Amino acid sequence: MDYFNIQGLTKDELLEDYITTFSDYCVPFPYLFKTLNELKANNYKLGIITNGKYPFQLHNIKALKLDAYMDTILISEQENIKKPNPQIFKRAAKKLNLALHECLFVGDNFENDYQAAKNAGMHAIFKANHQAVPNCNTPFINDLDELIPLLKNV
């Protein structure tokens, strides 16, 4: 608190504000809804696996209205397991009534998303962000509008 020179608020008040208002400021990736609409139009089953607190993460998902697109949502705290543990990927596939090899996981963390999904038996695509793409054999996208053309190769 001293570092930011915040006066008149306690740590607990700041934390409560963060928990209750963070979802008001969530911003989707570019092309997110265009991509989700196209996937749903082509009868893909969709899910979210996210590490984080429940119900905090669910509020963020609902604030973006992503829940309307999803067939399943797994939040690590609620599931008592988190990425990169392969069990959370297996649980998601089971909830979608799919085999692991029938699933494609897109994530923006190389270890917890891309590598973990592959280790669990899923196909995976890395959504590049501030992290460098680790090697030339890693399938990746820079923006979500690049995903649909890649699905033909999975």
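The following exchange explains how terms are applied to this predicted model.

Me: What kind of model is this, and which residues count?
Reply: This is a predicted model, in which local features need pLDDT of at least 70 and side-chain atom pairs count only at pLDDT 80 or more, whereas totals for chains, interfaces and linings use all residues. Residues are numbered from 1 along each chain as its sequence is written, and side-chain values use heavy atoms, with hydrogens and water left out.

Me: How many helices and strands does the chain have, and what makes a run count as one?
Reply: The chain has 7 helices and 5 strands. Helices are DSSP runs of H or I with at least four residues, strands are runs of E with at least two, and both are numbered from the N terminus. Along the sequence the pattern is α-α-β-α-β-α-α-β-α-β-β-α. The C-alpha atoms fill a box of roughly 55 × 30 × 30 Å along the principal axes.

Me: Why is H5 called roughly perpendicular to H6?
Reply: The axes of H5 (residues 86–95) and H6 (residues 110–120) cross at roughly 70° and come within 9 Å. Axes are lines fitted to C-alpha atoms, for helices over the stretch in contact, and angles run from 0 to 180 degrees between N-to-C directions. Angles under 35 degrees count as roughly parallel, over 145 as roughly antiparallel, 65 to 115 as roughly perpendicular and the rest as oblique. The crossing angle therefore makes H5 roughly perpendicular to H6.

Me: Which residues make the contact between H5 and H6, and of what class are they?
Reply: Pro86, Phe89 and Lys90 of H5 meet Asn112, Asp113, Ala116, Ala117 and Ala120 of H6; contact means heavy atoms within 4.5 Å. By class, the contact of H5 with H6 has 5 nonpolar, 1 polar and 2 charged residues. Here Ala, Val, Leu, Ile, Met, Phe, Trp, Tyr, Cys and Pro count as nonpolar, Asp, Glu, Lys and Arg as charged, and the others, Gly among them, as polar.

Me: Why is asparagine 112 called partly exposed?
Reply: Buried means under 20% relative accessible area, exposed over 50%, and partly exposed in between, with a 1.4 Å probe and protein chains only. Asparagine 112 has a relative accessible area of 25%, so the residue is partly exposed. Asparagine 112 lies in H6 and touches Asn51, Lys83, Pro84 and Phe89, leaving aside residues up to four places away in sequence.

Me: What makes threonine 138 buried?
Reply: The relative accessible area of threonine 138 is 5%, and therefore the residue counts as buried. Threonine 138 sits in the loop between S4 (123–127) and S5 (140–141). Setting aside residues up to four places away in sequence, threonine 138 touches Phe110, Tyr114, Phe126 and Val133. Of the 154 residues in the chain, 34% are buried.

Me: Is glutamine 78 buried, exposed or partly exposed, and where is it?
Reply: Glutamine 78 has a relative accessible area of 41% and is therefore partly exposed. Glutamine 78 belongs to H4 (residues 76–79). The C-alpha atoms of glutamine 78 and tyrosine 54 are separated by 6.0 Å, although these residues are 24 apart along the chain.

Me: Where are the cis peptide bonds at proline 55 and proline 84?
Reply: One joins tyrosine 54 and proline 55, with omega about 10°. Proline 55 is in the loop between S1 (47–50) and H3 (56–63). Another joins lysine 83 and proline 84, with omega about 20°, and proline 84 is in the loop between H4 and H5.

Me: Why is the phi of asparagine 43 worth noting, and why is this residue called exposed?
Reply: Most residues other than glycine have a negative phi. Phi of asparagine 43 is near 65°, a positive value in a residue other than glycine. With a relative accessible area of 68%, asparagine 43 is therefore exposed. Its place is in the loop between H2 (32–41) and S1.

Me: What makes lysine 65 exposed?
Reply: Lysine 65 has 57% relative accessibility and so counts as exposed. Lysine 65 lies in the loop between H3 and S2 (72–75), and its phi is near 65°, a positive value.
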